[in-house]
Amino acid sequence: QVDLVESGGGLVQPGGSLRLSCAASGTIQRLNFMAWYRQRSGPERDMIAQIFGDGNTNYFDSVGGRFTISRDIANNKLYLQMDNLKPEDTATYYCVVNGFTGSEFRAFWGQGTRVTVSS
């Protein structure tokens, strides 16, 4: 079982920056990747940044060059640095851990943190 708690969301003006944090607790037998998803309008949650166990990263949905995913392995934390924020980045952001628990492959989700980009 893995518990995830996101923080760092809030209201920011266009062009501004925010840093999201995700604190992880619990254990997992083998980690596939950690990721940030976001949910704008509608029910879909879209992966926007992903980091693998070897440190390789991927970015999706036009956030590349503006967002940076990173992790602090020693302290079980995942981060998302968001720069040059745009109104279309307004969303609820979720931290996800994907891996093998010993009996199944699954994803664990946090509760989300809200980011609003508006002047």
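# Notebook: strands, core and pocket

I began with β5, where five of the seven residues are buried, and I recorded the strand as mostly covered. I note that the model is a predicted one.

**Entry: partners of β5.** I looked up which strands pair with β5. On one side I found β4, joined to β5 by six bridges in the antiparallel sense. Within this pair, F33 lies opposite F52 of β5. The hairpin of β4 and β5 has six residues between its strands, and G42 there has a positive phi near 90 degrees. I then found β6, residues 57-59, which runs antiparallel to β5 and is joined to it by three bridges. T57 in β6 is the bridge partner of I51. The hairpin of β5 and β6 has four residues between the strands, and its turn holds G55 with a positive phi of about 95 degrees.

**Entry: from I51 to R71.** I checked a separation that involves I51. Its C-alpha atom is 8.3 Å from that of R71, with the two positions 20 residues apart along the chain counted as their separation. R71 belongs to strand β7. I recorded R71 as partly exposed, because its relative accessibility is 25% and the buried class requires a value under 20%.

**Entry: β9.** I asked how many residues of β9 are buried. The count is ten of ten, so this strand is largely enclosed by the rest of the structure. I then sorted its side chains by direction. A91, Y93, C95, V97 and G99 point one way, T92, Y94, V96, N98 and F100 point the other way, and all are buried. In a regular strand, side chains alternate between the two faces of the sheet.

**Entry: partners of β9.** I followed the pairing of β9 with three strands in turn. With β4 it forms nine bridges in the antiparallel sense, and here M34 has V97 of β9 as its bridge partner. With β10, residues 105-109, β9 runs antiparallel and is joined by five bridges. V97 appears again in this pairing, where it stands opposite F108 of β10. The hairpin of β9 and β10 has four residues between the strands, and G102 in it has a positive phi near 115 degrees. With β11, β9 pairs in the antiparallel sense over three bridges. In that pair T92 faces R114 of β11.

**Entry: the four-stranded sheet.** I traced an open sheet with the strand order β1-β3-β8-β7 and antiparallel pairing. β1 (2-7) and β7 (67-72) are its edge strands; each has a single partner, so one side of each is left without a neighbour in the sheet. On average, and with direction ignored, neighbouring strands of this sheet are turned by 15 degrees against each other. I looked more closely at the pairing of β1 with β3, residues 18-26, which is antiparallel and consists of six bridges. S7 stands opposite S21 of β3.

**Entry: loops around β8.** I searched for positive phi values outside glycine. N76 has a positive phi of about 55 degrees and is not a glycine. Its place is the loop between β7 and β8. N84 is another such residue, with phi near 50 degrees, and is found in the loop between β8 and β9. I classed N76 as partly exposed on the basis of its 43% relative accessibility; N84 is also partly exposed, at 43%.

**Entry: nonpolar core.** The largest nonpolar core has 25 residues, and those touching the most other members are W36, I48, F67, L78, L80, M82 and Y93. I listed the elements that give two or more residues to this core: β1, β3, β4, β5, β7, β8, β9 and β11. β9 gives the largest share, four residues.

**Entry: largest pocket.** I asked which residues lie nearest the centre of the largest pocket. They are A24, I28, L31, M34 and N76, from a lining of 14 residues. The space in this pocket is about 260 Å³. Two or more lining residues come from each of β3, β4 and β7, and β3 gives the largest share, three residues. By class I recorded seven nonpolar, four polar and three charged residues in the lining.

Methods:
Residues are numbered from 1 along each chain as its sequence is written. This is a predicted model: local features need pLDDT of at least 70, side-chain atom pairs count only at pLDDT 80 or more; totals for chains, interfaces and linings use all residues. Side-chain values use heavy atoms; hydrogens and water are left out. Two strands pair if DSSP finds at least two bridges between them. Axes are lines fitted to C-alpha atoms, for helices over the stretch in contact, and angles run from 0 to 180 degrees between N-to-C directions. On a 1 Å grid over the protein atoms alone, a cavity is a set of points where a 1.4 Å probe fits but cannot get out, and a pocket is an open set with protein on both sides within 12 Å along at least five of seven lines; lining residues have an atom within 4 Å of a point. Grid points are joined across faces, edges and corners, and a volume is the space filled by probe spheres set on the points. Ala, Val, Leu, Ile, Met, Phe, Trp, Tyr, Cys and Pro count as nonpolar, Asp, Glu, Lys and Arg as charged, and the others, Gly among them, as polar. A nonpolar core is a set of buried Ala, Val, Leu, Ile, Met, Phe, Trp, Tyr and Cys residues joined through side-chain atoms within 4.5 Å. Buried means under 20% relative accessible area, exposed over 50%, partly exposed in between (1.4 Å probe, protein chains only).
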